[in-house]
Amino acid sequence: MTLFKNLPICCLFFLSCARVTSPTGGPKDSIPPIVIKTYPATQQTNFKEKRIELTFNELVILNNPKEQIIITPSIGKDFEVTAKKNKVTLTLENDLEDNTTYTVNLRESIQDITEKNAAKNLKLAFSTGDYIDSLTIEGRVFDLLKSTDFEDATVAIYSSDTFNIFQHKPSYITKTDKKGIFKIENLKPGIYYAYAFNDKNKNLIPDSKTEHFGFISQPIALTTNNSGTQIPLIGLDTRPLKLTSARPTNTYFLIKTSKGLKTYTLTTKENVELYSAFNEDQSGINVYNTLQGQDSIQIKFKATDSIQNSIDTTMYLKFAQRLATPEQFTSTPKNLALIGPKTLLKGQISFNKPLQFINFDSIYYQFDSTRIIPIKPEDVQYDTLHNTLAFEKSFDKSFLTKPKPIISPDSVKPITQSTDNPKSKTIPNKPIENELIIASGSFISVEADTSKRLTQNMLPTTLENTGVIIVHVVTKEPSFIVELLSRDNKVIVSSKNTLKTTFEDLQPGTYQIRLIIDRDNDGVWSNGNFFKKQEPDPVFFYRNEKKELIVNLKANWELGPLLITY
């Protein structure tokens, strides 16, 4: 056994001084175990055995060692770990590769037996050859669309051009700390590619259906230590796109695919108008019955996902013959606003079925009985794929000033009330004021059911009860997008290719500001494609002087200009 007789222990690990066990009732033990001896010795060369041992200054136990211990180059989980008294032994199942530098990172796999304090930063490097490789790659892993650190992400590197991160297990891996920082050590000079993922299923292969992942498309030419590598993670389903089923369900025909779609088209050579829309997760399409007595028709189905995988096929559209109860027709308003300074009424209404008819005479905003803003066909846009209707309507500024009533003295009458029966007092109906009205039957679905009455009280916003955020972008990029987000990362409003953007008429609250570099100039954020070595469009957030993402806006307040530089 090789001992560290002539080497200070601090050269091997990041350690504290040895502790003395506190007597019962004394101070709580907060000092982690300290390694006092290892086999092989750190930096030892020509090591060929299958047994690795660590001796500590106190009794220790194991904490999920197969998940916590990382050996690189990876040997997977082909090893056994035992703890006996103050000694931990790793027994390898297979021989180590020749002329290779190995690193054993024990992370938090070893704890003391009293308070379960985990030993920190325990790493052991040795070589099966006569040389220790010493280069490193280090950096940070973060959530691209939220700009938050990604703790406990698996970071890996590879050097082969044919390596597929969704099929092959990496040899060199590590995990990020609480701040998303990683470091892969004891590497030989060469060309490497880096990627990272949150390995929920512990199989060392990204599952893009459920796990975030990210990659660096440009190779790292490692001749000296590399630092500052940034790996952004996103959620993106890269599985192949397949048609999984197409069959009648309830009152509609359901087309199902293996994953969410970006867009689709349905066409037929016959004189039949098709009504269809995405379901909730966009992996299914509901096609409604407009066959009018025909048993079935042939349709052509084309669909594309977010990484340009596509389906192009034909199928027969046929509906169930048995009677079925249609789903209840629902309409849900959202993002309604009456912006006083801009004299603009706008909002959205989402439906659970495609629309067949809109009765515009029944949709209007009413200040009072004399001032009404009607919604007309030219004021709306209807998204047929998502069953969403958006409307914007400008109105005359005079509508914001309520006319003074002209009262004739003859029209003023005293109010009388019977003292015998107070309940007999007649109370007139309250007049409708400042209300968006969508009368019942305003929308008729493809299944001929009608919408229920919707009303929403809406007061015009003023400069005094709203705020303004001004954003200044400094960049040489020709195409970019500035987004104003809610605190929970939902897009409220955006602008394109505008260096100085003013977001007006905002409700007081907390916001975030996100800059997207639109590399492919398509006007939207692009999620990249590993198979084409295309990284996602870069994303940057505004941070205040405290490096915080949140922007607090008060009523009657103007913030900015807030600077984002790329």
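## Asn544 and its loop

The side chain of Asn544 comes within 2.9 Å of the backbone nitrogen of Lys546, a polar contact in the sense of a pair of N or O atoms within 3.5 Å, where within protein one must be able to donate a hydrogen and the other to accept it, and where residues adjacent in sequence count only if both atoms are side-chain atoms. This is a predicted model, in which local features need pLDDT of at least 70 and side-chain atom pairs count only at pLDDT 80 or more, whereas totals for chains, interfaces and linings use all residues. Residues are numbered from 1 along each chain as its sequence is written, and side-chain values use heavy atoms, with hydrogens and water left out.

Asn544 sits in the loop that links strand E41 (539-541) to strand E42 (551-553), strands being DSSP runs (E, at least two residues) numbered from the N terminus. With a relative accessible area of 15%, Asn544 is buried, a term that means under 20% relative accessible area with a 1.4 Å probe and protein chains only.

## Two nonpolar cores

The largest nonpolar core (buried Ala, Val, Leu, Ile, Met, Phe, Trp, Tyr and Cys residues joined through side-chain atoms within 4.5 Å) has 25 residues, and those with the most contacts inside it are Tyr158, Ile165, Tyr195, Phe213 and Phe530. Two or more residues of this core come from each of strands E12 (154-158), E15 (190-197), E16 (213-215), E37 (480-486) and E41, and E15 gives the largest share, three residues.

Leaving aside neighbours within four places in sequence, Ile165 is in contact (heavy atoms within 4.5 Å) with Tyr158, Tyr195, Ile205, Pro206, Phe213 and Phe530. A second, separate core of 24 residues includes Ile52, Phe56, Ile71 and Val81.

## The sheet E39-E36-E43

Three strands in the order E39-E36-E43 make up an open sheet with mixed pairing, where two strands pair if DSSP finds at least two bridges between them. Strand E39 (500-506) and strand E43 (558-565) each have a single partner strand and stand at the edges, so one side of each is left without a neighbour in the sheet.

Strand E36 (residues 467-474) pairs with E39 in the antiparallel sense over five bridges, and Ile469 stands opposite Phe503 in E39.

## The hairpin of E22 and E23

Strand E22 (residues 275-278) is covered on both faces, with Tyr275 and Ala277 on one side and Ser276 and Phe278 on the other, all of them buried. E22 runs antiparallel to strand E23 (residues 284-288), joined by four bridges, and Phe278 has Ile285 in E23 as its bridge partner. The hairpin has five residues between the strands, and in it Gln282 takes a positive phi near 60°.

Definitions and conventions
Buried means under 20% relative accessible area, exposed over 50%, partly exposed in between (1.4 Å probe, protein chains only).
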